[in-house]
Amino acid sequence: MATDDMWIWDGGRVCLDFANTLRSRWRTPVETLREPDDLTGWLREALLLAPATTEPATAAVLMSARRLRESVDRAVLAVADGRLPTSGDVTLLNRSAAAAPRPALQLVITDDRLEPAGPTTVAADPALALALIAQDAVDLLLSAEIRRVRVCGADHCALRFLDRSPARNRRWCSMSRCGNRTKVRLHQARSRQSGPTTEN
C-alpha cells in the first residue's frame, strides 16, 4: 500500500496531480496507485471525497482510474504542445466528466442576510470522484492555462505541472525536490571535469 508521502501535490491542478501518481515516466515508471485503498487514500488527500464517505474503491474502479489518468496525461501533453488529443481520449474524458455530481449550492448567513456560499465539489464515492478529475481536465484543456503545462526538466522526474511563474520559465516541478538537486549534480560534474587545482 502506498503511503501519503509518496504523493506529490505540485501539479497546480488536481488532474495534473492525478497524472503524477505514476512516477518516473521517463525511466522505469513507478505506480503509486497499486491497490484500491491507495486510490481511496489519494482521493481523500485531494479533498475530492466527502468526509463521511465510507465506500471503498474497488479493483474495477482502480482500473478505470488508471485508464482515466493516462487519457488525462496524453490529452494534456498533446494540447499543451499544440496538437489535438486522440478521439479515444476525448471520448473517455467526456464520458467520465459527464458523471460528475452537480455541485450542491450552500447557504451562509452574512450580516444578518441569507446568501449563497460557494458550491462544494466533493463526491460521495471514489467512482464519482474520478469524474471530478475528468471535469478538471476538460476545464484545463479548454483554458488558456493549458499552454503553461510543463514537464519537469530533471532527468529522473518527468512530473507534470502548471507554470504560473511570471516569466513562464519554470523548469522544475519543485526547486526543493528537483531544481536544487539538479544544480548540485551539475556543479559536482563540472568540478570533476575541471579536476583538482594546484597551488604554487
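1. A good place to start in this predicted model is the largest nonpolar core, which has 37 residues. Within this core, Phe18, Leu39, Trp42, Leu68 and Ile133 are the residues that touch the most other members.

2. Several helices feed this core. At least two of its residues come from each of helix 1 (14–19), helix 2 (36–45), helix 3 (59–80), helix 4 (87–98) and helix 5 (126–141). Helix 5 gives the largest share, with 9 residues.

3. Phe18 is worth a look if you are finding your way around. Setting aside neighbours within four places in sequence, phenylalanine 18 is in contact with Leu33, Leu39, Trp42, Ala65, Leu68, Arg69, Leu130 and Ile133. Another core, of 9 residues, lies apart from the largest one, and its members include Cys152, Ala154, Cys157 and Trp172.

4. Now to the cysteines. How many disulfides does the structure hold? The number is 0. Cysteine 157, for one, is in no disulfide, and its nearest cysteine sulfur, at 3.7 Å, belongs to cysteine 178. Cysteine 157 counts as buried because its relative accessibility is 8%, with the cut-off for buried set at under 20%.

5. Why is the sulfur of cysteine 173 not bonded to the closest cysteine sulfur? That closest sulfur is in cysteine 157, and the 3.7 Å between the two is too far for a bond, because a disulfide needs sulfur atoms within 2.5 Å. Cysteine 173 also counts as buried, because its relative accessibility is 3%.

Conventions. Residues numbered from 1 in each chain as written. Predicted model: local features only at pLDDT ≥ 70, side-chain atom pairs only at ≥ 80, totals over all residues. Heavy atoms only, no water. Core = buried A, V, L, I, M, F, W, Y, C linked by side-chain atoms within 4.5 Å. Buried < 20%, exposed > 50% of the residue type's maximum accessible area, 1.4 Å probe, protein only. Helix = DSSP H or I, 4+ residues; strand = E, 2+ residues; numbered from the N terminus. Contact = heavy atoms within 4.5 Å.
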